Number of protein chains: 2
Amino acid sequence: MAIKNTEEQVPICAVDFAFRRIGGKYKGRLLWYLHLHKVLRYGELRRSITDITPKMLTQTLRELEDDLLIERKVYHEVPPRVEYSLTEVGKELVPFIEHLRMWGEQRMKKENIPMIQQGKCAL
Amino acid sequence: MAIKNTEEQVPICAVDFAFRRIGGKYKGRLLWYLHLHKVLRYGELRRSITDITPKMLTQTLRELEDDLLIERKVYHEVPPRVEYSLTEVGKELVPFIEHLRMWGEQRMKKENIPMIQQGKCAL
DNA sequence: CAGTATCCAATCAGATACTG
DNA sequence: CAGTATCTGATTGGATACTG
C-alpha cells in the first residue's frame, strides 16, 4: 500500500508547498472549525461540514494529521471516542485563515454573493 | 456553452468562498509571480510555472480573471501581446500569500523537505 | 505570440452498505 | 461511535497537434 499524502510530490517552491497543505475542498473549513471549538469529535465535525461524506472526512483528517496540522486522540472506550484538535503548527495557520475569511466576507457582500450558512461559519 | 468559473456553486461560508478563489494547483504561484513582477506576458508566465501546460495556464488565468483577481490586457499588434497583472482586489491577497510563503519556507526547513526551485520562487 | 482543440489518463468525490 | 469497503460518476489535468 502506497503512502498517500501531500508529501508525495516534491514541491516547486514554498508557495506551492503551503498551498498543497491547506488546499483541497474541506481543509480550510476543518481547520477553522477546530480553531473555533478547540476540540471536536468525528461526529461533530461531520455535522459541521454538512456537505462531506464519511469517506472524504476521514481522508481529509488523515492528510491534515500526516501534515502535522491536527492531532488525533483516541479514547479506548465503548462506544469509541476520538477527538481532533489543532497542533501548534496548525495554530500557526489560524491568523491566515481568519484574514482570508474576513476578505471572503467582504468580497461576498460587494459582489452580492449569497451563502448557505450565516454568521461565523457556525457549527 | 455553460459558464465555467468558481462562482458556479453557492459557497457554504466565507472560508469556503475564499478557499475556492485561491485554491487550485497553480493559483497561488500565479498570483505570487504577478505580485513580484507587476506585469507578465502569457509566455513569461508559462516559463515561470514550469510544470503548467498551455491549456491549464489559460484555464487558470480565465478563472482568476472571472474572479476579479487579475486583469488581462490585449495589445492588438502583430505578433500579439497580452499582459497580465493583479487587480486591486488581487493585491489584497498578497499579504496572505506572503505570510503563507514564509510559513511554507519555515516548515520545509524544519521537516527537511527539498524543493525544486531556490530563492523567492523566482522567475 | 498567445492561445484552441481533441482525446485520454488520473485523481477526486459521492452514494451506499457494512463493521469493530 | 467512528470509521471501512466498494463501486461508480464527475472533475481535473496532461500530451499533442494545430491556428489567427
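## A tour of the DNA contacts and the chain A–chain B interface

Begin by selecting Tyr26(A) and DNA strand C: a polar side-chain atom of Tyr26(A) lies 2.7 Å from a phosphate oxygen of that strand. This is a polar contact, defined as a pair of N or O atoms within 3.5 Å; within protein, one must be able to donate a hydrogen and the other to accept it, and residues adjacent in sequence count only if both atoms are side-chain atoms.

The model is predicted: local features need pLDDT of at least 70, side-chain atom pairs count only at pLDDT 80 or more, and totals for chains, interfaces and linings use all residues. Residues are numbered from 1 along each chain as its sequence is written, chains are lettered from A and ligands numbered from 1 in the order in which they are written, and side-chain values use heavy atoms, with hydrogens and water left out.

**DNA strand C**

Stay with DNA strand C and select Lys25(A), which places a polar side-chain atom 2.8 Å from a phosphate oxygen. Then move to chain B, where an N or O atom in the side chain of Tyr84(B) is 2.7 Å from a phosphate oxygen of DNA strand C.

Next, display the 20 residues around DNA strand C, of which Lys25(A), Tyr26(A), Lys55(A), Arg72(B) and Tyr84(B) come nearest; a residue is near a strand if one of its heavy atoms lies within 4 Å of it. Of the atoms of DNA strand C that come within 4 Å of the protein, 67% belong to sugar and phosphate.

Colour by secondary structure (helices are DSSP runs of H or I with at least four residues, strands are runs of E with at least two, both numbered from the N terminus). At least two residues of this surface come from each of H4 of chain A and helix H3 (42–48), H4 and strand S3 (81–86) of chain B. H4(B) gives the most, with four residues.

**DNA strand D**

Now select DNA strand D with the 20 residues around it; Arg72(A), Tyr84(A), Lys25(B), Tyr26(B) and Lys55(B) come nearest. Here sugar and phosphate make up 70% of the strand atoms within 4 Å of the protein.

Three side chains deserve a label, each with a polar atom beside a phosphate oxygen of DNA strand D:

- Arg72(A), at 2.5 Å
- Lys25(B), at 2.7 Å
- Arg41(A), at 2.8 Å

The elements giving two or more residues to this surface are helix H3 (42–48), helix H4 (54–66) and strand S3 (81–86) of chain A, together with helix H4 (54–66) of chain B. H4(A) supplies the largest share, four residues. By class, the surface near DNA strand D has nine nonpolar, three polar and eight charged residues. In this scheme Ala, Val, Leu, Ile, Met, Phe, Trp, Tyr, Cys and Pro count as nonpolar, Asp, Glu, Lys and Arg as charged, and the others, Gly among them, as polar.

**Chain B against chain A**

Hide the DNA and select the protein contact (heavy atoms within 4.5 Å), which takes 40 residues from chain B and 41 residues from chain A. The two chains bury about 4000 Å² between them, 78% of it on carbon and sulfur atoms; buried area is the accessible area (1.4 Å probe) that two parts lose on being put together, summed over both. In chain B, Ile12(B), Phe19(B) and Trp103(B) lose the most area to chain A, together 19% of what that side buries.

Finish on Glu111(B) and Arg21(A), which form a salt bridge with their closest N and O atoms 2.8 Å apart. The rule, a side-chain nitrogen of Lys or Arg within 4 Å of a carboxyl oxygen of Asp or Glu, finds four salt bridges across this interface.
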